[in-house]
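Work through the following exercises with the model open beside you. Each task is followed by a solution that goes step by step.

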Amino acid sequence: APWNVAVAWELRCADPVAYGTGKLTSLGQEARLGFEGFASEAQDDFELVVTQALPNVAGVAFWGLAAANTPFQGGVKYVASPTQRMGLVATDATGRAAIGVPIDPTMLGQTRYYQFWFRDPAHPDGTAVGLTNGLAVSFCR
């Protein structure tokens, strides 16, 4: 048994690391970006998970290959340009959304930085935009 535990430990990817602070929504909550599953080609069950966004609004996750800390639409953009947008999703009645991230061989050994942008029409700053914190994800076998 000890040999199997050691092998499993070596194959496990490092957990993604959240950084920065999400912009407060018009409901006064900090929008958060987290994860479920493992950033591993072997597991292939990795999801970005948005919580505390507005309920029933459209949003999009985006990623890049470097972190940033740039003022953006009343909050902070935590992903350096150039960025790649993922598909449009809708949050549920609790402000949650899960976005599957298919892992392919080109991602192995790469760290990607993710963030989620969403509609917040009643935001008092007039931008009508919400933003989560950033999430650094290192992909492995």
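## Exercise 1: Salt bridges

At 29% relative accessibility, Arg96 counts as partly exposed. The model is a predicted one, and the exercises below are to be read with that in mind.

**Task.** Find the salt-bridge partner of Arg96, and establish where in the chain the two residues lie.

**Solution.** Begin with the distance: the closest N and O atoms of Arg96 and Glu36 are 2.9 Å apart, and the two residues form a salt bridge, since a side-chain nitrogen of Arg within 4 Å of a carboxyl oxygen of Glu meets the cut-off. Next, place the partners along the chain: Arg96 belongs to the loop between β7 (84-90) and β8 (97-100), whereas Glu36 is part of strand β2, so that the pair links distant parts of the chain, 60 residues apart. Finally, turn to the accessibility of the partner: Glu36, at 37% relative accessibility, counts as partly exposed, because the class of partly exposed residues runs between 20% and 50%.

**Task.** How many salt bridges does a search of the whole structure find, and are Asp125 and Lys23 buried or exposed, wholly or in part?

**Solution.** The search of the whole structure finds three salt bridges. One of them joins the side chains of Asp125 and Lys23, with 2.9 Å from N to O. This pair also links distant parts of the chain, for Asp125 is in the loop between β9 (111-119) and β10 (129-131), while Lys23 is in the loop between β1 (17-19) and β2, 102 residues apart. The accessibilities are then read one by one: Asp125 is partly exposed, with a relative accessible area of 35%, but Lys23 is buried, with a relative accessible area of 8%. Glu30 and Arg32 also form a salt bridge, in which the closest N and O atoms are 2.7 Å apart; Glu30 is partly exposed at a relative accessible area of 24%, and Arg32 is partly exposed at 27%. As background to these pairs, side chains of opposite charge can pair when their charged atoms come close.

## Exercise 2: Aromatic rings

**Task.** Classify the geometry of the aromatic pair formed by Phe46 and Phe139 and of that formed by Phe116 and Phe118.

**Solution.** A search of the whole structure finds five aromatic pairs. For Phe46 and Phe139, the centres are 6.1 Å apart and the planes are at 85 degrees, so the pair is edge-to-face, because an angle over 60 degrees falls in that class. The partners come from distant parts of the chain, with Phe46 in the loop between β2 (32-36) and β3 (47-51) and Phe139 in the segment after β11 (134-138), 93 residues apart. Both Phe46 and Phe139 are buried. For Phe116 and Phe118, the distance from centre to centre is 6.1 Å and the angle between the planes is 20 degrees, which makes the pair stacked; here too, both Phe116 and Phe118 are buried. A further step adds Tyr19, Tyr78 and Tyr113, which form one aromatic cluster.

**Task.** Which ring does the charged end of Arg112 sit over, and which ring does that of Lys77 sit over?

**Solution.** The charged end of Arg112 sits over the ring of Trp63, at 3.6 Å from its centre. The charged end of Lys77 sits over the ring of Phe72, at 5.9 Å from its centre.

## Exercise 3: Backbone geometry

**Task.** Where is the cis peptide bond that involves Pro82, and which phi values do Gln52 and Gln73 have?

**Solution.** As a reference, most residues other than glycine have a negative phi, and most peptide bonds are trans. The cis peptide bond joins Ser81 and Pro82, with omega at about 0 degrees, and Pro82 has its place in the loop between β6 (75-79) and β7. Gln52 has a positive phi near 65 degrees; Gln52 lies in the loop between β3 and β4 (58-64) and counts as partly exposed at 35% relative accessibility. Gln73 likewise has a positive phi, near 45 degrees; Gln73 lies in the loop between β5 (67-72) and β6 and is partly exposed, with a relative accessible area of 34%.

Definitions and conventions. Residues are numbered from 1 along each chain as its sequence is written. This is a predicted model: local features need pLDDT of at least 70, side-chain atom pairs count only at pLDDT 80 or more; totals for chains, interfaces and linings use all residues. Side-chain values use heavy atoms; hydrogens and water are left out. Rings of Phe, Tyr and Trp (its six-membered ring) pair if their centres lie within 6.5 Å; planes under 30 degrees apart count as stacked, over 60 as edge-to-face and the rest as tilted. Helices (H or I, at least four residues) and strands (E, at least two) are DSSP runs, numbered from the N terminus. Buried means under 20% relative accessible area, exposed over 50%, partly exposed in between (1.4 Å probe, protein chains only). A charge sits over a ring if NZ of Lys or CZ of Arg is within 6 Å of the ring centre and within 35 degrees of the ring normal.
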